[in-house]
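User: I have a protein chain with a ligand on my screen. Can you take me through its fold and its surroundings, step by step?

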Amino acid sequence: MNAADDKTIVREYFNSTGFDRWKRIYGDGEVNKVQLDIRNGHQQTVDTVIGWLKDDGNLAELSICDAGCGVGSLSIPLATAGAKIYASDISEKMVEEGKQRALQTLGNAENPTFAVQDLESLSGSYHTVICLDVLIHYPQEKADEMISHLCSLAQSRIILSFAPKTCALALLKKIGSFFPGPSKTTRAYLHREADVIKILESNGFAIQRKAFTKTRFYFSRILEATRV
Ligand code: SAM
């Protein structure tokens with residue numbers, strides 16, 4: 001399958017069955033046990049990133065691009081904390097849901113600014129670019145291009161999360177337990193941490209902070225890199 005096919009499949013998925021599934025996972029209604037586990041894991045990833053940004057003490061001064069923002073799980077709390085947020089996603093359904101949630105939480109439609117846009121076509125310049133749990137939908141060569149493009153938009157910092165390719169995880173994926181049910185997801189790609197770091201470094205960034213979220217069904221390596 002080529003990368004263009006991957007992108008079309010991902011867009012269609014997140015505008016249809018994927019939207020219904022992930023909207024529920026990224027919500028607070030009733031879900032099954034596996035979805036609850038993924039919800040909790042994802043929330044830990046979001047909380048880790050928010051914790052890092054808050055620790056720095058300058059959140060209210062930052063412009064942040066949240067690429068592949070989903071329903072705004074990260075964008076909305078960051079906007080609440082005062083940062084200027086540009087949130088975008090390839091799926092118009094996810095963006096629409098994000099807008100609704102932002103309106104409910106923040107009571108205005110100005111910040112975050114939401115747009116339907118794939119991250120490859122994003123332009124502009126932001127203090128920090130963040131891309132959480134998006135790379136899982138793309139193979140390594142495509143992910144390299146995407147990371148390089150995101151680096152070009154970041155004045156100072158990039159934060160990425162991805163499912164790490166380790167022997168144990170690769171094996172789990174092979175035996176089908178990593179993602180429960182083939183009809184429920186798009187193809188999942190794991191990425192070697194060393195490959196992601198290499199591409200960040202080749203774009204002039206150095207790793208500052210790392211974290212790893214692991215629950216039963218959710219795994220995510222989080223990397224923060226700053227421009228050297
Ligand atoms: N980053 C969000 C979060 O952590 O809450 C959402 C993560 S969700 C697993 C993946 C999201 O990436 C979906 O909303 C999907 O539509 C979006 N996505 C996938 N490929 C994309 C691309 N090429 N450009 C922009 N968004 C993309």
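The questions below go through the sheet, the helices, the ligand shell and some backbone details.

User: How many helices and strands does the protein chain have?

Analyst: This is a predicted model. The protein chain has 228 residues, and 37% of them count as buried. Its secondary structure comes to eight helices and seven strands.

User: In what order do the seven strands form the sheet?

Analyst: The sheet is open and its pairing is mixed. From one strand to the next, the twist averages 15 degrees. The order is β3-β2-β1-β4-β5-β7-β6.

User: Which strands stand at the edges of the sheet, each with a single partner strand?

Analyst: An edge strand has one side without a neighbour in the sheet, because it has a single partner strand. Two strands fit that description: β3 (113-116) and β6 (205-214).

User: Which residue in β2 is the bridge partner of S63?

Analyst: Strand β1 covers residues 63-67 and β2 covers residues 84-89. The two run parallel and are joined by five bridges. In β2, S63 has as its bridge partner K84.

User: Which residue of β4 stands opposite C65?

Analyst: β1 and β4 run parallel, with three bridges joining them. Six of the seven residues of β4 are buried, so this strand is largely enclosed by the rest of the structure. Opposite C65, in β4, stands V129.

User: What is the bridge partner of L132 in β5?

Analyst: β4 pairs with β5 in the parallel sense, over six bridges. L132 is also one of the residues that come nearest to the ligand. Its bridge partner in β5 is S161.

User: Is the pairing of β7 with β5 and β6 parallel or antiparallel?

Analyst: Six bridges link β5 and β7, with I158 opposite A225. Nine bridges link β6 and β7, with A211 opposite I222. In the β5 and β7 pair the sense is antiparallel, and in the β6 and β7 pair it is also antiparallel.

User: How many residues lie between β6 and β7 in their hairpin?

Analyst: β7 is mostly covered, with seven of its nine residues buried. Helix α8 (residues 193-202) lies across β5, β6 and β7, at about 150 degrees to β6. In the hairpin, the number of residues between β6 and β7 is four.

User: How far apart are the end C-alpha atoms of helix α3?

Analyst: Helix α3 (residues 33-56) has 24 residues. At 1.5 Å a residue it should span 34 Å. The model agrees with that, as the end C-alpha atoms are separated by 35 Å.

User: Which elements do the buried residues of α3 pack against?

Analyst: The buried residues of α3 are I38, R39, H42, T45, V46, T48, V49 and L53. After the helix comes G57, with a positive phi near 75 degrees. The packing partners are α2 (17-25), α4 (75-80), β4 (126-132), β5, β6 and β7.

User: Which residues come nearest to the ligand?

Analyst: The shell around the ligand has 11 nonpolar, five polar and four charged residues. Helix α1 (residues 3-14) gives the most to this shell, with three residues. Of the 20 residues around the ligand, the nearest are F14, G68, G70, S91 and L132.

User: Is D6 buried, partly exposed or exposed?

Analyst: D6 lies in helix α1. Its C-alpha atom is 9.6 Å from that of K142, 136 residues away along the chain. A buried residue needs 20 or more C-beta neighbours within 10 Å. D6 has 17 inside 10 Å, so it counts as partly exposed.

User: What is the omega of the cis peptide bond that joins N111 and P112?

Analyst: Most peptide bonds are trans. The bond between N111 and P112 is cis. P112 lies in the loop between α5 (92-106) and β3. The omega is about 5 degrees.

User: What is the phi of D133?

Analyst: D133 lies in the loop between β4 and α6 (140-153). It is buried, with 23 other C-beta atoms within 10 Å. Most residues other than glycine have a negative phi. D133 is not a glycine, yet its phi is positive, at about 55 degrees.

Note on methods:
Residues numbered from 1 in each chain as written. Predicted model: local features only at pLDDT ≥ 70, side-chain atom pairs only at ≥ 80, totals over all residues. Pairing = 2+ DSSP bridges. Axes fitted to C-alpha atoms, helices over the stretch in contact; angles between N-to-C directions. Contact = placed C-beta atoms within 7 Å. Buried ≥ 20, exposed ≤ 12 C-beta atoms within 10 Å, placed from the backbone. Near = placed C-beta within 6 Å. Nonpolar A, V, L, I, M, F, W, Y, C, P; charged D, E, K, R; others polar. Expected span 1.5 Å × (residues − 1).
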